[in-house]
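Please walk me through this structure, from the overall fold to a few individual residues. I would like to see how the parts relate to one another.

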Amino acid sequence: PETTIVEQSSGLMRSHGDRGPPRPFSNCLWLIRSQTINARITLQILPSTRLENVGLEYVEVYDGERLAPSALRLRWPLSYAEADGPLPDVLTSTTSAMLVRFRCGGLSQTTRFEARYFISEFDTIQLIDLSPRSGVQGSDAAVSIGFTTTHAALLNG
C-alpha cells in the first residue's frame, strides 16, 4: 500500500531513523512525483551515504513511476572502486516522477542512504513510500522538511 509521507517542494529522504542503521536486507522504495505535467524533479545523493557491502547494497534511480529497465537512470555503486570514489552527479527527471530504490545488504553498522530531492518553489511534490511490508524486516525512516522532522517506521523491506 502507498503511504504519502509529505507534500512539499523539497525534503530529505533517509533509510534510517535516529535509532541506527537500516535493518538487514531492507528494500526501501520511494516514489517522488508532481501533479504538474512536465515538472522536473532533482535528486542529490548526500555525502553521508555509506554502503558497506557492494553487490548486496545499492541505490537505483528510475525516471518515471515504474521499475522498468528502460527507465533506469542510475545504479550505484557497481564496484568497490566506484563506492570509494565520488558520488553520482545530481539527477533530474525527464518526467514528473522519479522512483528511488535503496537495497541494504546484511548486518552493517555504517550503511545508510540519504538524499535530498526538490522541485521548483512554485510546485509541490509527493514523497510516497512504496516499500514492501514485513513484520521482520524494515527500518525507521525520517523525512525532513525545512526545520521540521517527521519520524515514522515506514520503510519496511
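D63 is a good place to start in this predicted model. With a relative accessible area of 14%, D63 is buried, because buried means under 20%. The residue belongs to strand β5. Its side chain makes a polar contact with the side chain of T94, at 2.3 Å. Leaving aside neighbours within four places in sequence, D63 is in contact with A71, R73, S93, T94, T95 and A97.

One of those contacts, R73, is found in strand β6. At 38% relative accessibility R73 counts as partly exposed, whereas D63 is buried. Again leaving aside neighbours within four places, R73 is in contact with V61, Y62, D63, L91, T92, S93 and T94. V61 and R73 are 12 residues apart along the chain, and their C-alpha atoms are separated by 5.6 Å.

T92, which appears in that list of R73 contacts, lies in strand β7, residues 91-92. T92 is partly exposed as well, with a relative accessible area of 34%. Beyond four places in sequence, T92 is in contact with R40, I41, T42, R73 and M98. The C-alpha atoms of T92 and F118 are 9.6 Å apart, with their positions 26 residues apart along the chain.

These residues can now be placed in the whole chain. The protein chain has one helix and 12 strands. Read from the N terminus, the order of elements is β-β-β-β-β-β-α-β-β-β-β-β-β, with the helix, α1, at residues 80-84. The chain has 157 residues, and buried residues make up 50% of them. Among contacts in the chain with a separation of 6 or more, 77% are between residues 24 or more positions apart. The accessible surface comes to about 7,900 Å², and carbon and sulfur atoms account for 51% of that area.

What lies inside? The largest nonpolar core has 26 residues, and M13, W30, I32, L43 and F113 touch the most other members. At least two residues of this core come from each of β1 (3-8), β3 (27-34), β4 (42-45), β5 (58-63), β6 (72-76), β8 (97-103), β9 (114-118) and β10 (125-129). Another core, of seven residues, lies apart from this one; L31, Y62, A71 and L99 are among its members. Y62 and A71 have come up already, Y62 as a contact of R73 and A71 as a contact of D63.

Aromatic rings come next. The structure holds two aromatic pairs. In one of them, F102 and F113 have ring centres 5.6 Å apart and planes at 15°, so the pair is stacked. This pair links distant parts of the chain, with F102 in strand β8 and F113 in the loop between β8 and β9, 11 residues apart. Both F102 and F113 are buried. Ring pairs also bring in W30, so that W30, F102 and F113 form a cluster. W30 and F113 are also among the core residues that touch the most other members.

A ring takes part in another kind of arrangement at Y58. The charged end of R75 sits over the ring of Y58, 3.6 Å from its centre.

The loop that holds F113 also holds C104, between β8 and β9. At 1% relative accessibility, C104 counts as buried. C104 and E52 are 52 residues apart in sequence, and their C-alpha atoms are 9.0 Å apart in space.

Two features of the backbone remain. Most residues other than glycine have a negative phi, and most peptide bonds are trans. N38 has a positive phi of about 65° although it is not a glycine. N38 is found in the loop between β3 and β4, and it is exposed, with a relative accessible area of 57%. The second feature is the peptide bond from W76 to P77, which is cis, with omega near -10°. P77 is found in the loop between β6 and α1.

Terms used. Residues numbered from 1 in each chain as written. Predicted model: local features only at pLDDT ≥ 70, side-chain atom pairs only at ≥ 80, totals over all residues. Heavy atoms only, no water. Core = buried A, V, L, I, M, F, W, Y, C linked by side-chain atoms within 4.5 Å. Buried < 20%, exposed > 50% of the residue type's maximum accessible area, 1.4 Å probe, protein only. Helix = DSSP H or I, 4+ residues; strand = E, 2+ residues; numbered from the N terminus. Polar contact = N/O pair within 3.5 Å; in protein donor to acceptor, adjacent residues only side chain to side chain. Contact = heavy atoms within 4.5 Å. Phe/Tyr/Trp six-rings, centres within 6.5 Å; stacked < 30°, edge-to-face > 60°. Lys NZ or Arg CZ within 6 Å of the ring centre and 35° of its normal. Areas by Shrake-Rupley, 256 points an atom, 1.4 Å probe, with all protein chains shown as cover.
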